[in-house]
Amino acid sequence: MACNCFDKVAEACDKQIRDVIGSDLAEMGESGFENAVWVMSAGDHAPVSLKYRFRYYRRRKNGEPETRQTKSDTAIMMRFCPFCGTAFSGSEVRDVPVRDGL
Ligand SMILES: [Zn+2]
């Protein structure tokens, strides 16, 4: 990991909110960033993605918009840490051994 800012910020947020809530916190639900990502390839990536929202009404054959909204949202991976600016190196390039007969 290029840096540990996400862990540090999450820890600070969690502590700050717990301090404000104090004894009113009866039982914990969740604490953490939304849009956490699991990148299956090896490498160095931001642990959170930005969600880009794109919603629209498709055009019907008669030219009028559909009443139902269509979602074409996507997730954007950050190439740099938004807290300290350190670059994430991205996916690791690995040599795949070639075996005879394959
Ligand atoms: Zn950072």
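Here is a short conversation about a predicted model with a bound zinc ion.

Biologist: Which residues coordinate the zinc ion?

Modeller: Happy to start there! Each donor is an SG atom of a cysteine, at 2.3 Å. The angles among the four donor atoms run from 104 to 113°, and the site counts as tetrahedral. The residues you asked for are Cys3, Cys5, Cys81 and Cys84.

Biologist: How are these donor residues spaced in sequence, and how many residues apart are Cys5 and Cys84?

Modeller: The spacing of the donor residues is C-x1-C-x75-C-x2-C. Cys5 belongs to helix H1, while Cys84 sits in the loop between strand E5 (74-77) and strand E6 (90-91), so the pair ties together parts of the chain that are distant in sequence by 79 residues.

Biologist: Are Cys5 and Cys84 buried or exposed?

Modeller: A residue is buried under 20% relative accessible area and exposed over 50%. Cys5 has 10% relative accessibility, so this residue is buried. Cys84 has a relative accessible area of 42%, which lies in between, so Cys84 is partly exposed.

Biologist: What span does helix H1 reach from its first C-alpha to its last?

Modeller: Helix H1 covers residues 5-21, which gives 17 residues. At 1.5 Å a residue, 24 Å is expected. The span in the model is close to that, at 24 Å.

Biologist: Where around H1 do its buried residues lie?

Modeller: The buried residues of H1 are Cys5, Phe6 and Asp14. They cover an arc of only 160° around the axis, which means they share a side. On the other side, Asp7, Lys8, Glu11, Lys15, Gln16 and Asp19 are exposed. The buried residues therefore lie on the same side of H1.

Biologist: Which residue follows H1?

Modeller: Look just past the end of the helix. The residue there has a positive phi, near 60°. That residue is Gly22.

Biologist: Which residues make up the largest nonpolar core?

Modeller: In soluble globular proteins, nonpolar side chains tend to be buried together. The largest nonpolar core here has eight residues, and Cys81 is one of them. Leaving aside neighbours within four places in sequence, Cys81 is in contact with Cys3, Cys5, Thr86 and Phe88. The core is made up of Cys3, Cys5, Phe6, Ala46, Val48, Met78, Cys81 and Phe88.

Biologist: What separates the C-alpha atoms of Val20 and His45?

Modeller: Val20 is in helix H1, and at 66% relative accessibility it counts as exposed. Along the chain, Val20 and His45 are 25 residues apart. Their C-alpha atoms are separated by 32 Å.

Conventions: Residues are numbered from 1 along each chain as its sequence is written. This is a predicted model: local features need pLDDT of at least 70, side-chain atom pairs count only at pLDDT 80 or more; totals for chains, interfaces and linings use all residues. Side-chain values use heavy atoms; hydrogens and water are left out. Helices (H or I, at least four residues) and strands (E, at least two) are DSSP runs, numbered from the N terminus. The expected span of a helix is 1.5 Å times one less than its number of residues. Buried means under 20% relative accessible area, exposed over 50%, partly exposed in between (1.4 Å probe, protein chains only). The arc is that of the directions from the helix axis to the C-beta atoms. Donors are N, O and S atoms within 2.8 Å of the metal (3.2 Å for Na, K and Ca); water is not among the atoms, so sites may look incomplete. Four donors count as tetrahedral if all angles lie between 85 and 135 degrees; four count as square planar and six as octahedral if opposite donors are over 155 degrees apart and all others between 65 and 115; anything else is irregular. A nonpolar core is a set of buried Ala, Val, Leu, Ile, Met, Phe, Trp, Tyr and Cys residues joined through side-chain atoms within 4.5 Å. Contact means heavy atoms within 4.5 Å.
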